[in-house]
Amino acid sequence: MATPLPGTTGRRVVPVLALALGLAGLALPAAGAASDPVSAATTAATTAATTAATTAATTAASTAPSAGGSSRTLRSVVRYVDPLIGTANGGNTYPGAVRPFGMLSWSPTSTRGDQTDTGAANGYQYDTTRMRGFALTHVNGAGCHPGAAGDVPIFPHVGAMTVSPSADSTDATYASDFSHADEVAEPGRYALGLANGVRTDFAATTRAGVGTLAFPRGKEANLLFRVSNSLNGSEDADVRIDRRARTVSGSVLTGGFCSRRANGGGSNKYSYYRLHFTAHFDRAFARTGTWVDGALRPGTTSASGGEGYETGALRRGRGSGGYVGFDTTRRGPVTMRVGLSYTSARAAEANLREEVGRRATVRSVAARGTRAWEAQLRRIEVAGGTRGERTAFYTSLYHAALEPNVTSDVAGTYPGADRSVRRLVRGQRAQYGNFSGWDQYRAHTQLLALLNPRVAGDFAQSLLNLSRQRGGVWDRWVHVNGATRVMTGDPSGPTLAGMHALGVRNFEVRAALDSLVRQASVPHPDGLSDYGCPGQCAGMRPNLAEYLRLRYAPQDDCHCWGGAAETLEDAAADYGLSDWAGRLGRTATQRRFAERAGWWENTFDRDATPEGGYQRARNADGSWLAPFTPATGEGFAQGTSATYTWMVQHDVQRLATLMGGRSRAAQRLDAFFRTPDGGWSTTVDPLRYDPTNEPGIHTPWLYNALGQPWKTQETVRAYLRLVYGTGPTGLPGNDDLGTMSAWYVWGALGMYPQTPSRGEVLLSSPTFTLARIHRGNGRTITVRAPEASARAVYVEGLRVGGRPTTRSWLPASVLNRGGELRYDLSTRPDERWGTGARDLPVDHGR
């Protein structure tokens with residue numbers, strides 16, 4: 001487990017001398033403050049941790065097991081969240097202020113000297129310590145540089161306005177350095193001291209927020225609204241300043257997710273949403289001004305103009321924005337209240353009025369945010385484990401609750417896929433956006449259904465709503481309301497099937513199934529297009545007619561990222577539709593798609609290598625793509641044949657048979673996880689397990705189906721320990737909207753979905769001595785493992801509901817109704833438990 005960086009406690013970076021923020025008039029939690037006991041309890045601890053003398057003690061605390069009773073859950077869990085985890089090592093997380101599933105997320109946009117780019121995907125990377133604004137929207141962990149959203153960066157500038165900010169192409173003037181010593185990040189709140197002397201503090205609600213900006217006294221102070229400078233650029237933007245009302249408002253028309261991706265051919269350089277904002281201030285403006293492209297226009301109050309979606313010289317110098325100045329002879333910080341909406345300026349005002357009143361303060365909003373996060377995170381209560389493990393666990397749970405994001409207003413309006421203003425359907429509480437389907441359907445959406453079934457149902461309804469507005473097309477990667485087509489496969493089917501299997505019913509279940517079955521059955525013209533290929537192909541079921549004829553996706557006529565990967569993805573999707581249809585009594589549909597779920601065999605070449613068979617792309621004439629090695633990525637998407645060969649969660653026994661039996665398959669799995677010297681494979685190796693990306697993240701649990709569950713137990717625990725941790729490098733790779741964080745949560749609980757579309761889970765061994773999973777309506781899943789420790793990772797006994805069992809899996813009924821698991825763990829593998837023929841997970845559908 002990684003050691004926390006000096007100056008951290010595993011939750012937030014510590015301000016040196018409390019950032020001197022009190023002297024600047026910035027209201028941060030103070031020790032003993034009754035309104036925010038969680039923050040108050042940690043402030044003193046984090047301040048003490050700033051000295052080098054305590055660094056060793058902090059490190060030791062992160063690895064030492066908890067003292068006291070192993071069955072006592074934590075009084076507060078928010079204090080174990082460190083939003084800075086994953087801000088390095090390609091995790092692409094952001095540390096800013098946000099509520100669970102919030103529309104607004106207030107976080108820095110960093111720069112490395114190019115205004116048409118950013119220091120990292122999604123705006124923030126730990127080693128980039130210069131920023132040009134605090135943007136109002138973000139997406140957690142998306143992989144495409146420069147990420148998604150990052151709309152309306154707001155920058156506090158100290159000094160005169162001398163040139164147009166759009167002309168400051170290297171971010172030399174209207175940007176500032178900062179130090180992590182001057183940074184505080186906690187759930188719902190973010191504060192940063194800048195090298196230009198400004199001290200900032202922000203707190204978020206779902207659709208609004210409040211912030212304070214303490215400018216140096218006696219110096220010229222200007223606040224810039226860079227309305228056109230979204231991370232990917234913009235088609236249009238506008239800003240309006242009302243001196244009498246002391247407001248700044250405007251909007252940006254943008255989109256462009258993955259528009260710079262080389263393997264997408266720039267196909268996403270288009271707009272699909274307009275974000276409206278309103279900002280209200282507690283004091284009069286000393287000056288106003290705007291800019292358009294290279295022209296600075298002092299004294300004006302309106303401007304418009306976008307930047308486009310290019311980068312470098314093709315975009316440099318373009319854009320618009322506005323600024324307001326303040327009198328700094330007056331003591332105290334400037335207070336700003338901000339509201340957002342994806343539908344209208346009026347709705348942004350209504351959202352602000354509803355969520356942040358005129359007398360709201362950063363402290364009061366942050367306190368409510370702490371309570372909201374405490375309630376969300378306490379859906380799983382744990383006891384035991386080390387401080388580092390608790391930090392990694394609750395931060396993972398935090399990251400998993402950042403998406404999906406609310407896109408509807410308090411009045412129930414939301415942006416449709418056709419960019420018209422729509423209203424929630426009857427019974428729907430909120431519309432949600434941001435669905436990284438190819439990633440999330442493997443681990444994240446099941447965790448969402450487990451912990452937030454109401455949100456999961458509204459999300460399912462949201463995806464159905466958007467598909468109806470697109471003529472029945474379910475996109476695989478939805479950003480806000482827009483279809484981006486990123487990645488491959490058709491993940492909506494297994495996503496909704498898995499939610500339904502876990503008891504989610506608050507969406508139009510039958511209508512959703514009908515629509516997804518149609519998408520999988522009726523060829524769409526987009527399926528013959530190569531637009532956006534290979535990384536973001538237009539067809540959701542590419543060349544479906546040929547796929548149905550050949551029963552695999554032909555590499556030479558696929559119109560997809562890779563024929564073998566597409567075949568595997570479609571087989572997984574068809575399995576989900578089959579199982580879902582069966583639950584609804586639609587036996588003909590169930591049988592039809594059950595057969596299709598077995599088509600993965602048509603891209604399995606039994607004679608691919610002398611050592612055995614592998615997944616392999618083939619052409620329409622039946623010939624295999626050559627030459628071939630298991631390390632090839634041709635025919636696959638962000639992975640190799642060695643990884644994709646195992647992507648048959650619903651048909652493991654058949655895969656084992658094709659490999660020569662369970663024993664032989666287990667031997668191959670051993671070589672997949674282990675290097676030739678016997679160590680664990682933790683770096684990206686085309687022949688071995690890749691813990692940084694999604695196609696193979698289920699494979700540690702496959703040993704259960706092969707009759708060797710003790711290897712699942714040791715493998716899961718090893719990767720929890722080796723590639724996850726605390727500090728900025730605590731994630732193994734892109735968090736992909738919480739997917740990799742969800743993997744950690746499942747692993748620490750000692751369970752994982754057997755398939756994305758059913759409710760059974762495969763068992764490993766719990767990290768904590770106690771975990772209580774609260775599903776709502778009085779249903780709780782309790783997991784007890786009194787002996788759990790870093791060494792006691794092997795299961796030698798299990799009771800479910802008081803009855804002993806040797807099965808290495810749980811039925812969906814335990815998750816849906818609640819129950820108790822009681823583990824007996826050992827430091828030595830028990831090669832008898834879970835190995836009988838009746839103990840193995842059951843493959844359904846054949």
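The following conversation goes through some features of a predicted model, one question at a time.

Biologist: How many residues of helix α19 are buried?

Modeller: Helix α19 spans residues 739-749 and is mostly covered. Its buried residues include Trp-743, Tyr-744 and Trp-746, as well as smaller names on the list such as Gly-747 and Ala-748. Counted along the helix, the buried residues come to 11 of 11.

Biologist: Which residue follows α19, and what is its phi?

Modeller: The helix ends its run at residue 749, and that last residue, Leu-749, is itself buried. The residue that comes after α19 has a positive phi, and this residue is Gly-750, with a phi near 85 degrees.

Biologist: Why does Ala-286 count as partly exposed?

Modeller: Ala-286 lies in the loop that runs between β12 (271-281) and β13 (287-292). A residue is called buried under 20% relative accessible area and exposed over 50%, with partly exposed in between. Ala-286 falls into the middle class because its relative accessibility is 42%.

Biologist: Which residues does Ala-286 touch, leaving aside those up to four places away in sequence?

Modeller: Here a contact means that heavy atoms come within 4.5 Å. By contrast, the C-alpha atoms of Ala-286 and Pro-732, which are 446 residues apart along the chain, are separated by 48 Å. With residues up to four places away not counted, Ala-286 touches Arg-243, Gly-325, Phe-326 and Asp-327.

Biologist: Is the pair of Phe-225 and Phe-277 stacked or edge-to-face?

Modeller: The structure holds 34 aromatic pairs. In the pair of Phe-225 and Phe-277, the ring centres are 5.8 Å apart, and the pair links distant parts of the chain, since Phe-225 is in strand β9 and Phe-277 is in strand β12, 52 residues apart. Both residues are buried. The planes lie at 10 degrees, and planes under 30 degrees apart count as stacked, so this pair is stacked.

Biologist: What is the angle between the planes of Phe-281 and Phe-285?

Modeller: Phe-281 is buried, with a relative accessible area of 6%, and Phe-285 also counts as buried, at 6% relative accessibility. Their rings form an edge-to-face pair, 5.5 Å centre to centre, and the angle between the planes is 80 degrees.

Biologist: How far is the charged end of Arg-618 from the centre of the ring of Trp-624?

Modeller: Arginine and tryptophan meet in this way at Arg-807, whose charged end sits over the ring of Trp-809, 4.3 Å from its centre. The charged end of Arg-618 likewise sits over the ring of Trp-624, and its distance from the ring centre is 4.2 Å.

Note on methods: Residues numbered from 1 in each chain as written. Predicted model: local features only at pLDDT ≥ 70, side-chain atom pairs only at ≥ 80, totals over all residues. Heavy atoms only, no water. Buried < 20%, exposed > 50% of the residue type's maximum accessible area, 1.4 Å probe, protein only. Helix = DSSP H or I, 4+ residues; strand = E, 2+ residues; numbered from the N terminus. Phe/Tyr/Trp six-rings, centres within 6.5 Å; stacked < 30°, edge-to-face > 60°. Lys NZ or Arg CZ within 6 Å of the ring centre and 35° of its normal.
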